[in-house]
Amino acid sequence: MQVGKESALEGLYARYGGLIFTLALRIVGDPELAREVLQDTFLRCWGGRDAYDPARGRVPGWLMGIARNRAIDLLRSRPHQARLREQEPLAGLASEPAQRDATDSLTLRRAVAGALQELPIGQRQAIELAYYGGHTQVEIARELGEPLGTIKSRTREAMERLRAVLWPLIEPKGGG
Amino acid sequence: MTEETVHPTEDLAGYALGALEGSEGIRVEHHVATCATCASALAQYRAIVSTLPMGLDPVAPPPEVWAAIRAEARRRRLPVGQGAGSRGRPNWRRAMWPVLTTLVASLLIWNVVLQRELTRRAPGPAPGPEVDALSRRPGRLVILAGTGQPGASARLFVAVDGGGHLAISGLTPLPRGRTYQLWFIRTGASAVTGGTFGVNARGLAWAKAGVPASLDEVRAIAVTEEPAPGSVSPTGRHLLEATTWR
């Protein structure tokens with residue numbers, strides 16, 4: 001995005017706003033906080049404080065990274081909410097349907113949901129506690145009462161399974 | 001076998017998820033900087049991680065959020081922005097040129113200073129192309145004062161995209177098993193490490209530093225002495241410290 005260009009910001013919001021809100025809500029578990037994360041994410045893009053570096057991946061990943069970091073920071077600054085989150089099941093939150101924008105491929109959505117569903121529970125748990133819970137592998141091992149090496153192996157195996165299914169769908173074609 | 005030739009296969013996925021602790025993350029970061037195979041695998045893992053939210057049931061944000069973002073964005077409008085308020089645009093555009101000129105001049109000066117600083121302070125091998133390229137990017141300079149070690153100081157050069165490096169002088173060389181470690185101390189969250197480093201016999205070093213995506217929540221940047229290969233959180237006193245950089 002050209003920093004400071006309102007139409008570009010609006011375009012990004014139209015494409016990724018829903019996804020970022022969904023991610024933020026999944027992490028912080030509170031619509032008000034999720035809204036705060038959503039606003040903050042786009043205002044950081046606007047201000048150029050979190051500059052986009054193409055070498056580190058594509059735009060959605062960049063935006064998700066900003067949103068996730070902000071949400072995890074909020075989560076960690078509110079211990080009572082962290083406890084609340086730990087008591088919830090790891091499945092997706094009940095929700096009202098969102099307007100799905102054209103760029104969010106339904107095929108990819110189904111593939112991601114399916115690939116996660118196909119993972120053995122231990123592997124999915126390792127991924128979800130790290131990504132949505134913001135836990136380190138050491139913390140996950142402690143929480144689940146498993147050796148750290150087991151958590152590392154589960155994470156790697158899970159990521160390999162996801163890569164086998166999803167990478168062919170998202171692999172940049174040609175010059176990108 | 002050196003650290004560079006042992007591929008951290010088991011840790012790449014955890015690194016992509018941001019789930020490694022201090023020294024583990026540093027080890028992976030150092031490795032992928034020089035290993036194309038692992039860098040490629042990491043890029044794929046990162047791409048996979050960015051798709052994970054798509055596996056959630058979508059939830060629409062409240063409809064008024066966009067209006068709030070737009071209003072705040074207009075309030076914070078940058079010089080290069082374009083907005084609906086066309087009435088004041090011509091005057092505003094004229095005023096933009098001196099600002100841009102000053103900005104470009106400042107960046108050029110900053111880059112020259114940085115190049116000189118790197119050359120002057122580098123005690124080891126000359127900075128490679130990667131550091132040279134990094135130093136050409138715009139960014140800002142943070143001065144760390146020797147609060148815990150009088151006479152010591154450091155300069156942290158932070159590129160706008162978060163990359164950075166550290167030039168240090170005046171620290172005491174450490175014995176085996178000890179290391180210096182850079183920290184970003186955050187409010188309401190655990191400290192984040194920016195990397196570990198040693199100094200040469202003259203107390204000098206330059207080191208590549210990992211910098212958080214945003215310094216907004218960082219209330220202090222500090223260097224401590226820690227057990228090698230580094231700690232998960234700071235245990236030593238602040239030898240160097242900066243609390244203001246904006």
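Select chain A first: from the N terminus on, its elements run α-α-α-α-α-α-α-α. That amounts to eight helices and zero strands, where helices (H or I, at least four residues) and strands (E, at least two) are DSSP runs numbered from the N terminus. The model is a predicted one, in which local features need pLDDT of at least 70 and side-chain atom pairs count only at pLDDT 80 or more, while totals for chains, interfaces and linings use all residues. Residues are numbered from 1 along each chain as its sequence is written, and chains are lettered from A, with ligands numbered from 1, in the order in which they are written.

**Chain A**

Colour chain A by burial. Of its 176 residues, 39% count as buried; a residue is buried if 20 or more other C-beta atoms lie within 10 Å of its own, exposed if 12 or fewer, and partly exposed in between, with C-beta atoms placed from the backbone. Two residues are in contact if these C-beta atoms lie within 7 Å. Among contacts in chain A between residues at least 6 apart in sequence, 66% join residues at least 24 apart.

Move next to Arg58(A), in the loop between helix H2 (31–47) and H3 of chain A. Arg58(A) counts as partly exposed because it has 15 C-beta neighbours inside 10 Å. Now add Pro172(A): the two residues are 114 apart in sequence, yet 9.7 Å apart in space, C-alpha to C-alpha.

**The largest core**

Select Ile20(A), Ala24(A), Val28(A), Ala67(A), Ala71(A), Leu12(B) and Tyr45(B). These have the most contacts inside the largest nonpolar core, a group of 63 residues. Such a core is a set of buried Ala, Val, Leu, Ile, Met, Phe, Trp, Tyr and Cys residues joined through C-beta atoms within 7 Å. Helix H1 (residues 6–28) of chain A gives the most to this core, with 11 residues. Centre the view on Ala71(A): apart from neighbours within four places in sequence, Ala71(A) touches Ala24(A), Ile27(A), Val28(A) and Val37(A).

**Chain B: the helices**

Switch to chain B, which has six helices and eight strands. Read from the N terminus on, the order is α-α-α-α-α-α-β-β-β-β-β-β-β-β. Of the 246 residues of chain B, 35% count as buried.

Select helix H3 (residues 36–51) of chain B. At 1.5 Å a residue, its 16 residues should span 22 Å, and the end C-alpha atoms are 23 Å apart, which agrees; the expected span is 1.5 Å times one less than the number of residues. Among the buried residues of H3(B) are Cys38(B), Ala41(B), Leu42(B) and Tyr45(B). Their cover includes helices from both chains, among them helix H3 (59–76) and helix H8 (148–170) of chain A and helix H1 (9–16) of chain B.

Show H1(B) beside H3(B). The two pack at an angle of about 40°, with their axes 9 Å apart; axes are lines fitted to C-alpha atoms over the stretch in contact, and angles run from 0 to 180 degrees between N-to-C directions. Residues of H1(B) at this junction are Leu12(B), Ala13(B), Tyr15(B) and Ala16(B), which meet residues of H3(B) including Arg46(B) and Val49(B).

Then select H2(B), whose buried residues include Gly22(B), Glu24(B), His31(B) and Val32(B). The buried residues of H2(B) pack against H1, H3 and S5 of chain B.

**Chain B: the strands**

Follow that last neighbour, strand S5 (residues 192–197), where five of six residues are buried. Five bridges join strand S4 (residues 178–186) to S5(B), and the two run antiparallel; strands pair if DSSP finds at least two bridges between them. The bridge partner of Phe184(B) in S5(B) is Val192(B). In the hairpin of S4(B) and S5(B), five residues lie between the strands, and Gly188(B) takes a positive phi near 70°.

Strand S7 (residues 218–227) of chain B is largely enclosed by the rest of the structure, because seven of its 10 residues are buried. S7(B) is joined to S4(B) by nine bridges in an antiparallel arrangement, with Arg186(B) opposite Val218(B). Three further antiparallel bridges join S7(B) to strand S8 (residues 240–242), where Val223(B) has Leu240(B) as its bridge partner.

End by selecting Val158(B), Ala167(B), Trp206(B) and Val223(B), which are included in a second, separate core of 29 residues.
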